[in-house]
2 protein chains.
Amino acid sequence: MDVSVKGEYALRAVFELACRETDEPIKIAKIAERQQIPQKFLESILAQLKQGGFLGSRRGADGGYFLARPADNITVGDILRHIDGPTTPAQRIGQGEVGSDSPFPELWQKVERALSSVIDRTSFADLVVRWKENRARKVVNWDI
Amino acid sequence: MDVSVKGEYALRAVFELACRETDEPIKIAKIAERQQIPQKFLESILAQLKQGGFLGSRRGADGGYFLARPADNITVGDILRHIDGPTTPAQRIGQGEVGSDSPFPELWQKVERALSSVIDRTSFADLVVRWKENRARKVVNWDI
DNA sequence: GTCAATCTCTAGTAAATTGATAGAGAATGT
DNA sequence: ACATTCTCTATCAATTTACTAGAGATTGAC
């Protein structure tokens, strides 16, 4: 019931890209530095995210990564499922079907829906908005 | 974002005990057989659940395990958190606080609340009721 | 067309976690 | 005394996690 460090790194990296409004690529090294992520580890994560169709990249000087589609079209759930695997708690061997002789499949379904109602309804555009609001609120409080 | 096999075994074992309405202890071997759990592994799980205050036990012939409190007073969340550790996805090092310079703590809080709304509101008494309803429905369908 | 910067690909690896198993010891009821 | 059953300690193979090294492939600039 937890998110791997790798999953968190992936979220933070995508968030970093979503914060920029330009389409200019951002370098791995920059993201690693700003988000405090080991660079080599981040490289493999970004490659995986590109492979998943979430990011695009360009090599060479002035190369880097960028979002492959608008931030309001990438959800936290998209990234987590791609990096950490399926979020469903118990699609295991054994009595897997709802309506079977066990109360658990139904329970897992409820858990999944509850989880999904958060992570699949939160896009990176949402995260950026919330984050900006928070910063704005802070600044106002300081000013008064 | 998943439940360990150990966590599932724990839930199934407690469910098995909750299904019995008697206060008579049930043997490890019986639970292991009925729920298809490796017995030695189950032993350690039950010991841990006892240690957590959820179960009681008696040794000797006619010994076994039993619920330490009524089934409507033990939730799925209780068991999962005791066996699999805290269910919160990212109380890690680094920017941990809500309202910090990151949108994620707030997100994790939402995830946690969503999760909690299921697992902390589902008692084993609930599971037993649902399971019995399901069985009843099946039998009716067969009869018609 | 060379060069430096940057992504990309293949490997590897130490540490922790997971899912168990073995076997001796301690309590219980008869 | 004795069989039964829980309890405690120790161990372990396989997998996953978090991370690193280093050579190779592109790109844009000069």
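**Exercise 1. Two helices in chain B**

Task: Work out how helix H1 and helix H3 of chain B are oriented to each other, and which residues make the contact.

Solution.
Step 1. Find the helices in this predicted model. H1 of chain B covers residues 5–19, and H3 of chain B covers residues 39–51.
Step 2. Look at the axes. They come within 10 Å and cross at roughly 70°.
Step 3. Classify the angle. Angles of 65 to 115 degrees count as roughly perpendicular. H1(B) and H3(B) are therefore roughly perpendicular to each other.
Step 4. List the contact residues. H1(B) brings B:Lys6, B:Tyr9, B:Ala10, B:Ala13 and B:Val14. H3(B) brings B:Phe41, B:Leu42, B:Ile45, B:Leu46, B:Gln48 and B:Leu49.
Step 5. Sort them by class. The contact has nine nonpolar residues, one polar and one charged.

**Exercise 2. An aromatic pair in chain A**

Task: Describe the geometry of the pair A:Tyr9 and A:Phe41, and say where each residue sits.

Solution.
Step 1. Start with the count. Over all chains there are eight aromatic pairs.
Step 2. Take the pair of A:Tyr9 and A:Phe41. The ring centres are 5.7 Å apart, with 80° between the planes.
Step 3. Name the geometry. Planes over 60 degrees apart count as edge-to-face, and the pair of A:Tyr9 and A:Phe41 is edge-to-face.
Step 4. Place the residues. A:Tyr9 lies in helix H1 of chain A, and A:Phe41 lies in helix H3 of chain A. They are 32 residues apart, so the pair links distant parts of the chain.

**Exercise 3. The surface near DNA strand D**

Task: Describe the protein surface near DNA strand D, then find side chains that reach its bases.

Solution.
Step 1. Pick out the nearest residues. There are 22 residues around strand D, and A:Lys40, B:Lys27, B:Lys50, B:Ser57 and B:Tyr65 come nearest.
Step 2. Find the elements. H1 and H3 of chain A, with H3, S1 and S2 of chain B, each supply at least two residues.
Step 3. Sort the residues. Eight are nonpolar, five polar and nine charged.
Step 4. Look at the DNA side. Sugar and phosphate make up 63% of the strand D atoms within 4 Å of the protein.
Step 5. Check the bases. An N or O atom in the side chain of A:Arg59 is 3.1 Å from a base nitrogen of strand D. For the side chain of B:Arg59, an N or O atom is 3.5 Å from a base oxygen.
Step 6. Check the phosphates. A backbone N or O atom of A:Val5 lies 3.4 Å from a phosphate oxygen of strand D.

**Exercise 4. The surface near DNA strand C**

Task: Which residues come nearest to DNA strand C, and which side chains reach its phosphate oxygens?

Solution.
Step 1. Of 22 residues around strand C, A:Lys27, A:Lys50, A:Ser57, A:Tyr65 and B:Lys40 come nearest.
Step 2. Find the elements. H3, S1 and S2 of chain A, with H1 and H3 of chain B, each supply at least two residues.
Step 3. Check the phosphates. An N or O atom in the side chain of B:Tyr9 is 2.9 Å from a phosphate oxygen of strand C. For the side chain of A:Lys27, the distance is 3.1 Å.

Definitions and conventions. Residues are numbered from 1 along each chain as its sequence is written. Chains are lettered from A and ligands numbered from 1 in the order in which they are written. Side-chain values use heavy atoms; hydrogens and water are left out. Axes are lines fitted to C-alpha atoms, for helices over the stretch in contact, and angles run from 0 to 180 degrees between N-to-C directions. Helices (H or I, at least four residues) and strands (E, at least two) are DSSP runs, numbered from the N terminus. Angles under 35 degrees count as roughly parallel, over 145 as roughly antiparallel, 65 to 115 as roughly perpendicular and the rest as oblique. Contact means heavy atoms within 4.5 Å. Ala, Val, Leu, Ile, Met, Phe, Trp, Tyr, Cys and Pro count as nonpolar, Asp, Glu, Lys and Arg as charged, and the others, Gly among them, as polar. A residue is near a molecule or strand if one of its heavy atoms lies within 4 Å of it. A polar contact is a pair of N or O atoms within 3.5 Å; within protein, one must be able to donate a hydrogen and the other to accept it, and residues adjacent in sequence count only if both atoms are side-chain atoms. Rings of Phe, Tyr and Trp (its six-membered ring) pair if their centres lie within 6.5 Å; planes under 30 degrees apart count as stacked, over 60 as edge-to-face and the rest as tilted.
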